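Let's take a stroll through a protein model together. Keep the picture open while you read, and look up each residue as it comes along.

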Amino acid sequence: MSTEIVVMQVFNGVSLFTILLLMSIGLAIVFGLMGVINMAHGELMALGAYVTYLTAGAFSHYAPQWMDVYLFVAIPVAFVATGAFGWLLERGFVRHFYNRPLDTLLATWGLSLIFQQTYRSVFGPQEVSVPLPAWLSGAWEPFVGIQLPLNRLFIIGLTAVVTVGVVLLLTRTRWGLRVRAVTQNRPMSAAVGIDTNRIDAMTFALGAGLAGIAGCVFTMIGSTNPGTGQLYIVDAFIVVVFGGVQSLIGTALSGLAIAQSQTTLESVMSGSMARVTILVLVIVVLYFRPNGLFARKARS
Amino acid sequence: MKELIRRGSGEIIFVAALLAALALVLDPFRLSTVAKYMSFAFVAIGIVLMWGYGGVLSLGQGIFFGMGGYMMAMFLKLEASAPELPDFMMWSSVETLPTWWQPFHHLGWTLLLILVVPSVVAYLFSYAVFRKRVGGVYFAIVTLALALTLTVLIIGQQGDTGGANGITDFRTLLGWDIVGDQSKLVLYAVHAVLLVVAMAVCRAILHSRFGKVLIAIRDREDRVRFSGYNTAHIKAFVFAVSALLSSIGGAFYALQVGMISPDTIGVVTSIEMVIYAAVGGRLSVGGAVIGALLVGLMKSYLSEAFPEVWLYFLGALFILVVAFMPHGLAGVASRLRVSR
């Protein structure tokens, strides 16, 4: 196998990995840290994508000269809008189902159906897409024969920034300390004066906001329709469960493992068979390590 | 709780009377819609057993529904296209019949496999999982992943399985026309009788000592285990029963609807099956049947008359049932009886 093919193979794997990671990092926080199974997470991603679509529309209408940099506005807007929506969702809906995981699963599934129909009514059933800024189309060619698409490179960079930001937020701030405290021991955290309700709402909002960023990124590589979220939700859950809940690093490593094996298998078999093989492998590994690949060993 | 169990025999009589009444009043077209959702009623009964009484939620019942449906459809398709290969194989230039299609030349083998394969697969898979003491959320997600896997596999192997279109275009069972009004009525009768039998069997299981142990496992599995029971075996057995029911439902679906496709297996359908049981009441076998018929008929009515309302309705149903009616219609009915 020539070097170019290997390099492209690895690059495709890394690119898929960053997309998987963006998709699942919000879920890793909501499901992994809080234990809430949010089946509407995919629809939050779709919300981020639609917010980006609206932002792009607003730019092309009011400030076409700034169209090149609308992404730098769209990303924070998607984050804040989806996060705020997530905050409302937690306060008004999700918190009533705490400690009933299977009921949460069904109720949020119902919610996801309602969102899908809302998107269909508002934006129509067809695919919508946003124009890719000129500086993101094309490819970077560091060597002859190796072409790295710029939008993929941008996504890789963005994922790195987001991931580092989340890790710093959780491990280096007072707020992150409180989140981790509430995760590990809720009654004790409440006893030392942490407002656990507020922490729950903010954590859920952060997870939702990250889904919004993922949705924004999706618009760079494909179009959005009302069912987009549903396509990705199972994959996102698999990445989180495979990595082991309660472990952000686990989520990242599992995303990397799944993405690299997927792209490698795709070079020797059809895409659908590669996906089947990966899913079966994940299920087999989960059988031997039910708490995920990178679960912390701790007494529950 | 006890009240709900005691009302069981009344439920069965009620459902049997309802199914008979529907056959008398509805025109053949409407009746075939009822028959379609009677297939899902089998699945819903299985979910009551597994989720309501066993405390384990499977989001992959579509797998077994699909197994039964595909096996039945494979037999019907071979009959319809004999002596040639099924049409979709020729389109994908498959030259010879795949080996795993061979048993489906015979109705006897087909029926046997419809009963045996899903139960055995379900038992072996779930015993292995339950022995590891994995349950709850993980079981739900793993079964969901399996449903996704099977769908992707079937769509990917177009030449062997018919791909995304599924298997369709068959009209006869052993030379007997299955699409005419008269034969629809006969099929409906067989279907309804089997459904009532399935309800009676499940009720018997729940009433037996075995059913009591199952409820004990749901409420405090560790204590049952410490008392010397092999809880994994008991849960896996119930899962196998629920798979068997789903498979029978799937086989009837193929007969009644005249097609089977990956859509009936996938993530969306598999989760939708849970709402059938939840609406009827997760502790009520009869409620599951009523729930499947009611939600199903609402679905066919709403998606014809107001297509944009259907998903709102279904979504709201999921939320309302979980939040306000955890025991479904059967729970409401028994509360009314108690307060009277």
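## Bends, bridges and a greasy patch

Helix 3 of chain B has a bend of about 25 degrees, and you'll find it at B:Ile47. Keep in mind as you look that this is a predicted model. The helix runs over residues 28–53, which makes 26 residues. From first C-alpha to last it reaches 36 Å, close to the 38 Å expected at 1.5 Å a residue. Of those 26 residues, 21 are buried, so helix 3 of chain B is largely enclosed by the rest of the structure. Just after this helix comes B:Gly55, with a positive phi of about 75 degrees.

Now hop over to chain A. Helix 9 there covers residues 228–243, and it bends by about 25 degrees at A:Val234. Its 16 residues should span 22 Å at 1.5 Å a residue, and the end C-alpha atoms are 24 Å apart, which agrees. Here 13 of the 16 residues are buried, so helix 9 of chain A is also largely enclosed by the rest of the structure. A glycine follows once more: A:Gly244, just after the helix, takes a positive phi of about 100 degrees.

### Chain B as a whole

Let's zoom out. Chain B has 15 helices and four strands. Its C-alpha trace spans about 60 × 50 × 40 Å along the principal axes. Does the radius of gyration fit a compact globule, or does it not fit? For 340 residues, such a globule would have a radius of gyration near 20 Å, and chain B has 20 Å, so the two agree. Buried residues make up 56% of the chain.

Some nonpolar side chains do show at the surface, though. B:Trp176, B:Val186, B:Val190, B:Val193, B:Leu194, B:Val197 and B:Val201 make a nonpolar patch of about 560 Å². Helix 9 of chain B (residues 181–207) gives the most to this patch, with six residues. One residue of that helix is B:Val186. With a relative accessible area of 41%, B:Val186 is partly exposed, since buried would mean under 20% and exposed over 50%.

### Salt bridges

Over all chains, the structure holds twelve salt bridges. Here are three of them:

| Residue 1 | Residue 2 | Closest N and O atoms |
|---|---|---|
| B:Arg282 | A:Asp103 | 3.4 Å |
| B:Arg225 | B:Glu221 | 3.5 Å |
| B:Glu221 | B:Lys235 | 3.0 Å |

Start with the salt bridge between B:Arg282 and A:Asp103. B:Arg282 lies in the loop between helix 12 (267–280) and helix 13 (285–305) of chain B, while A:Asp103 lies in helix 4 (residues 101–123) of chain A, so the pair joins two chains. Both of these residues are buried. They also belong to a network of salt bridges that links them with A:Arg100.

Next, B:Arg225 and B:Glu221 both sit in helix 10 (residues 209–226) of chain B, four residues apart, or about one turn of the helix. An α-helix has 3.6 residues a turn, so residues three or four places apart point the same way. B:Arg225 is partly exposed, at 22% relative accessible area.

B:Glu221 also meets B:Lys235 in a salt bridge. B:Glu221 is in helix 10 of chain B and B:Lys235 in helix 11 (residues 231–257), so this pair ties together parts that are 14 residues apart in sequence. Is B:Lys235 buried or exposed? At 6% relative accessibility, B:Lys235 counts as buried.

Methods
Residues are numbered from 1 along each chain as its sequence is written. Chains are lettered from A and ligands numbered from 1 in the order in which they are written. This is a predicted model: local features need pLDDT of at least 70, side-chain atom pairs count only at pLDDT 80 or more; totals for chains, interfaces and linings use all residues. Side-chain values use heavy atoms; hydrogens and water are left out. The expected span of a helix is 1.5 Å times one less than its number of residues. The bend at a residue is the angle between axes fitted to the seven residues ending there and the seven starting there. Buried means under 20% relative accessible area, exposed over 50%, partly exposed in between (1.4 Å probe, protein chains only). Patches are made of residues with over 30% relative accessible area and no salt bridge: like charges are joined within 9 Å, nonpolar side chains (Val, Leu, Ile, Met, Phe, Trp, Tyr) within 5 Å. Accessible areas come from the Shrake-Rupley method with a 1.4 Å probe; for residues, only the protein chains shown count as cover. A salt bridge is a side-chain nitrogen of Lys or Arg within 4 Å of a carboxyl oxygen of Asp or Glu. The radius of gyration is taken over C-alpha atoms; the globule rule is 2.2 Å times the number of residues to the power 0.38.
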